[in-house]
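Please walk me through this model at the bench. I want the ligand site and one side chain explained.

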Amino acid sequence: MKILVAVKRVLDYNVKARVKADKSGVDLSNVKMSMNPFDEIAVEEALRIKEAGKADEVVVVSIGVSQCQETIRTALAMGADRGILVETDQEIEPLAVAKILKAVAEKESPQLAILGKQAIDDDSNVTGQMFAALMDCAQATFASKVEVGEGKVDVTREIDGGLQTLSLNLPAVITTDLRLNEPRYAKLPNIMKAKKKPLDVIPVADLGVDIAPRLKTLKVEEPPERSAGVMVESVSELVDKLKNEAKVI
Ligand code: AMP
């Protein structure tokens, strides 16, 4: 079985996002970029499935600028076998990502695709769902447990008020939730080895996919600054303020 994992290069989660002066988007110049945390979980899960003898190959794919090769190399250092960069300088919306992943999947024929539940830069939470719809295959989002069986995969999902377990026929698409696993760190020797692993770069135009944007960003703004708090002397003063100033009780 082959597993395809989608990894996105995003602003590192420890970095505070700065909005560009013209409010057209987030300023990504000279900031640390990393693999989307949910995608690290996706890579880890694919590796665990392979290590359990239930898959033979883990292929990671990223769509974006040339520097996404670093993100792919990180996944290769974690243990993935091969990488594919679909290269473009254009901003790619989730629908276009889903279409590109479909084009890659048609070439690679994976039985399982694992994506993050959402990218922490756009918080769209749609790519996996759209990709599965385009592939016309089963999908299970927000996975907190994955068990691969013969021609099927059982996925436990985190839903409001509890856990739901679905059994999907393969091929299938899964998106990862935070509690699925704890991704491993790449060890130095593996980082060195990863440099020699195959990484194909495909210009997006070669896939013949319509990536024209459907969305227009009107403006991006910082959240409003929080006003300073006040120290109260007693519980009764707090209750009085909640009643008469904040009017929340
Ligand atoms: P989103 O729907 O944008 O929140 O992204 C959900 C998931 O889709 C991510 O966690 C990735 O696994 C995948 N994805 C989105 N954009 C890309 C991209 N440019 N390259 C590779 N994978 C992506």
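The questions below take the ligand first and then a glutamate.

This is a predicted model, where local features need pLDDT of at least 70, side-chain atom pairs count only at pLDDT 80 or more, and totals for chains, interfaces and linings use all residues. Residues are numbered from 1 along each chain as its sequence is written, and side-chain values use heavy atoms, with hydrogens and water left out.

Reader: How much of the ligand's accessible area does the protein cover?

Author: Start with polar backbone atoms. A backbone N or O atom of Ala-6 lies 2.9 Å from a ligand oxygen, and one of Gly-116 lies 3.0 Å from a ligand oxygen. On its own the ligand has 490 Å² of accessible area (Shrake-Rupley method, 1.4 Å probe). The protein covers 98%.

Reader: Which strand gives the largest share of the shell around the ligand?

Author: Strands here are DSSP runs (E, at least two residues), numbered from the N terminus. β4 (57-64) and β6 (112-116) each supply at least two shell residues. The largest share is three residues, and it comes from β4.

Reader: Is Glu-108 buried or exposed?

Author: Glu-108 sits in helix α3 (residues 94-108; a DSSP run of H or I, at least four residues). Its relative accessible area is 14%. Buried means under 20%, exposed over 50%, partly exposed in between (1.4 Å probe, protein chains only). Therefore Glu-108 is buried.

Reader: Which side chains make polar contacts with the side chain of Glu-108?

Author: A polar contact is a pair of N or O atoms within 3.5 Å, one able to donate a hydrogen and the other to accept it within protein. One contact of 2.7 Å joins Glu-108 to Lys-2. Another, also 2.7 Å, joins Glu-108 to Arg-82. The partners are Lys-2 and Arg-82.
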